[in-house]
Amino acid sequence: MHELECRRNRECRLTPDRALETLDDAEAFLRDRGLLTLMADSALPSLFAACHEPPYKPGSRGFGLWPRTKWPWGVELAGRCIRTKLHRGKGLFLSEEVAELVDPLCREELARAAAGAHGPEAQRLVERLAELGPALAEELESDRRTRDRLERLGAIVSRPVLVEGQYTSELLRWDQLRPHPVRGGLDELVVAGVRAAVVAPEREAARWFSWRADVARLVDEGRLARPEPGLVCLP
């Protein structure tokens with residue numbers, strides 16, 4: 001277990017000597033781990049935790065807890081990769097390889113939205129995006145709650161764009177972002193998450209994403225292992 005903890009500290013950049021120095025470093029960190037959360041809120045590797053920088057406004061909440069000088073990286077990295085809200089509605093950056101794993105999940109939720117399973121507002125939103133193509137949020141006449149729910153499920157995604165010198169969000173359907181279906185699934189995503197974290201609490205891993213995972217079954221199938229009770233890692 002000590003070896004796993006040392007590997008986790010090194011590979012997830014949990015010590016100051018491994019701090020990210022540049023945005024290129026952050027992009028390489030994402031490619032290496034496969035997925036990153038924005039804030040340190042679980043065993044998954046975190047972009048801002050790996051910066052090892054004091055918060056912008058100590059003692060505050062929300063944006064004030066972002067790194068003092070590297071806070072723009074949350075937007076800037078999203079311009080270089082795929083940023084989703086698949087981490088229970090919170091930001092989750094994906095490498096190309098992990099984006100392939102979530103593809104069937106997001107595509108299924110998009111199909112359900114188009115069929116009305118997520119409500120009439122969600123159905124209208126995905127139909128409008130199909131007509132317009134990628135569009136700014138203010139062009140879509142949809143409420144924020146509907147957009148957030150569909151982003152949480154990956155049916156739509158947002159990406160930052162500059163408009164008159166300021167960042168705003170452009171929304172697009174998952175199938176507009178990635179036109180060609182590939183194989184993957186929740187099991188594969190959870191295994192990728194455990195690989196990214198090196199070692200993680202088993203109960204937490206089951207709830208990392210917008211869909212509940214059967215981690216115990218993955219252990220029984222030999223796709224994950226328990227180095228000690230309550231923790232999981234790769235075999």
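**Phe63 and its ring neighbours**

I started at Phe63, which is exposed, with a relative accessible area of 66%. I have to keep in mind that this is a predicted model. Which ring does Phe63 pair with? I found Trp66: the two form an edge-to-face aromatic pair, 5.0 Å from centre to centre, with 85 degrees between the planes. Trp66 counts as buried, at 17% relative accessibility, because the cut-off for buried is under 20%. So this pair joins an exposed ring, Phe63, to a buried one, Trp66.

I then checked Trp208 and Phe209. Their ring centres lie 6.1 Å apart and their planes are at 70 degrees, so I noted this pair as edge-to-face too. Here Trp208 is buried at 0% relative accessible area, and Phe209 is buried at 4%.

How many aromatic pairs are there? I get 3. I also see that ring pairs link Phe48, Phe63 and Trp66 into a cluster.

**Helix 2**

Next I went to Phe29, since a charge turned up there: the charged end of Arg13 sits over the Phe29 ring, 5.7 Å from the ring centre. Phe29 is one of the buried residues of helix 2 (residues 23-33), and the others are Leu23, Ala26, Leu30 and Arg33. Why do these residues line one face of the helix? Looking down the axis of helix 2, I find the buried residues within an arc of 110 degrees, so they do line one face. A reminder to myself: an α-helix has 3.6 residues a turn, so residues three or four places apart point the same way.

On the other side of helix 2 I have Asp24 and Arg31 as exposed. What do the buried residues of helix 2 pack against? My list reads helix 1 (2-11), strand 1 (35-37), helix 3 (73-78), strand 3 (90-94) and helix 8 (186-197). After helix 2 comes Gly34, and its phi is positive, near 95 degrees.

**The sheet with strands 4, 5 and 6**

I moved on to an open sheet of 3 strands, in the order 4-6-5, with antiparallel pairing. Strand 4 (135-136) and strand 5 (156-163) are at the edges; each has a single partner strand, so one side of each has no neighbour in the sheet.

Strand 4 pairs with strand 6 (residues 166-173) in the antiparallel sense, over 2 bridges. I looked up who faces whom: Ala135 stands opposite Leu171 in strand 6, and Leu136 stands opposite Glu170.

Over how many bridges do strand 5 and strand 6 pair? I count 8, again in the antiparallel sense. Among the partners, Ile156 has Arg173 of strand 6. Strands 5 and 6 also form a hairpin with 2 residues between them, and Glu164 in that turn has a positive phi of about 55 degrees.

I noted one helix over this sheet: helix 6 (residues 144-152) lies across strand 5 and strand 6, and runs at about 115 degrees to strand 5.

**Glu202**

Last lookup. Is Glu202, in helix 9 (residues 202-205), buried or exposed? I have Glu202 as buried, with a relative accessible area of 13%. Leaving out residues up to four places away in sequence, I find that Glu202 touches Val215, Ala216, Arg226, Gly230, Leu231 and Val232.

Key: Residues numbered from 1 in each chain as written. Predicted model: local features only at pLDDT ≥ 70, side-chain atom pairs only at ≥ 80, totals over all residues. Heavy atoms only, no water. Phe/Tyr/Trp six-rings, centres within 6.5 Å; stacked < 30°, edge-to-face > 60°. Buried < 20%, exposed > 50% of the residue type's maximum accessible area, 1.4 Å probe, protein only. Lys NZ or Arg CZ within 6 Å of the ring centre and 35° of its normal. Helix = DSSP H or I, 4+ residues; strand = E, 2+ residues; numbered from the N terminus. Arc of directions from axis to C-beta. Contact = heavy atoms within 4.5 Å. Pairing = 2+ DSSP bridges. Axes fitted to C-alpha atoms, helices over the stretch in contact; angles between N-to-C directions.
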